[in-house]
Amino acid sequence: MGGAASKSTYSPVIFPTSPAPVVVRNANSKETTTSNLRKVVEERCPTLLRDFVPAWWMNNGHLQTLYCVVGDFTKSDQVYYNRYDETPIVVVLHGLTGGSHESYVRGILSKACAPIETGGLGYRGVVVNFRGCAGTPMTAQQLYSAGWTEDLRQALMYIAHRYPNAPLHGLGFSLGANVIVRYVGEEKEQSRLSSACALACPWDLAENNRAMENSFLGKYVYSKGMANNLLRLLRRHKDSLGKKPDHFVTEAMYNAFSLKSPTLEQFDNAFTCKAGGGPPIFPFKTSGDYYRWGSSHYLLPDVRVPLLTLNAMDDPVVQKVPTGVDNPSVVMAVTRGGGHLGWFEPSTEGWFDVKRWVTKPVLEWLRMVGNDLVVEKRVSKEIFVGVDGYIRERGSDDLGCKVVNGEVLIEGATKDEDLIQGL
């Protein structure tokens, strides 16, 4: 599936050999022209073609990544989420234990959803919080994982039912990026997402986990930090996950609790491989089995919608990127710096102030796929409402959802004080 990007072979953007044909809408008329994915990206996403230049005091991947954790982002990019036409909708999946409150989510959505007259895209945004994250209740003995796409599939079914004429564009961060890449690869031509963008995707879970734990900081700071976040999440939902004492998920949960300062692989071996999804796929015997199944790199050849992926060479969490994949619909960008979900560059507001460089190329991509490209209505599975009131998808008997609580306005910048931010 290709090798890791290296500084000796550095290129900011890796285009496919034969880019997919696309139909482009003329902004000043109703006329359309035929082009290809490479040409429109070069014309409409110029930021991708220029190298990222980090803030001078965050000139390596560790500093970029750690600032995601320690930085104060509560006063920037205010977003209010209301949990309750044809305007594009950005469907967002966050990182490992993050949520709609994360600064990397708000940094893009605050501008994508701002009115056009104020410089925004005028889009709508939906953040799909993983089970138990960002205050989401846990109602079943199941968590989530990098490979489990059924929760996203069900969320997209609901959104498509509620807004049947709105094109949906996926945006994933880290673990959420892996889920989105897997989804568009699994669905191929039937994807409900018209496009996707994956930032800091972990790709080959086993290979990148080994590379991360092969260094002192990787093992004792990043790996153990992520595992500690997951343990805190389990403890928060202990009653729901352990409501059936004899259930294998309950056993896995207490096995995870018994671990002393585990690495991410040790946590995944105790719990995620058992409860990171539902039957018949889960449980797996080991984390290795789960990693092989849950990786996304091997699904890249199956993607049939425009997909932009963005990674950093100095990312201490994701060190191996499958740049050798040649799919007409996939554009891959690899910056020299940026860390894991960092990409902090100097801001003009102050000496030590920074802003996220990645916001600009992602907004250019979203503008291109949402406004400039003419996307044909995809033939997805029929959605219907059953006699029990559940929204269902024809041919997917295991999927179904129903709104049971009223809509609530959520202040989107509220930080989860119990969990490390930025992951």
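**Close-up views of the predicted model**

**View 1. Lys 260 sits in the loop that links α9 (248-257) to α10 (264-275).** The model shown is predicted. With a relative accessibility of 73%, Lys 260 is classed as exposed, because that value lies over the 50% cut-off.

**View 2. Lys 260 belongs to a positive surface patch.** Its partners in the patch are Arg 232, Arg 235 and Lys 238. Lys 260 joins this patch from its place in the loop between α9 and α10.

**View 3. Cys 197 takes part in no disulfide.** A disulfide needs two cysteine sulfur atoms within 2.5 Å, and the count for this model comes to 0 disulfides. For Cys 197, the nearest cysteine sulfur is that of Cys 45, at 9.3 Å. Cys 197 is buried, its relative accessible area being 0%.

**View 4. Cys 201 is a buried cysteine.** Its relative accessibility is 0%, so Cys 201 falls under the 20% cut-off for buried residues. Cys 197 also has a relative accessible area of 0%.

**View 5. The whole protein gives the setting for the close-ups, with 12 helices and 16 strands.** The protein has 423 residues, and 55% of them count as buried. Cys 197 and Cys 201 are among the buried residues, whereas Lys 260 is exposed. About 18800 Å² of the protein is exposed, and carbon and sulfur atoms supply 52% of that area.

Methods: Residues numbered from 1 in each chain as written. Predicted model: local features only at pLDDT ≥ 70, side-chain atom pairs only at ≥ 80, totals over all residues. Heavy atoms only, no water. Buried < 20%, exposed > 50% of the residue type's maximum accessible area, 1.4 Å probe, protein only. Patch = residues over 30% accessible without salt bridge, like charges linked within 9 Å, V, L, I, M, F, W, Y side chains within 5 Å. Areas by Shrake-Rupley, 256 points an atom, 1.4 Å probe, with all protein chains shown as cover. Salt bridge = Lys/Arg side-chain N within 4 Å of Asp/Glu carboxyl O. Lys, Arg positive; Asp, Glu negative; His and termini not counted. Charge placed at Lys NZ, Arg CZ, Asp CG, Glu CD. Helix = DSSP H or I, 4+ residues; strand = E, 2+ residues; numbered from the N terminus.
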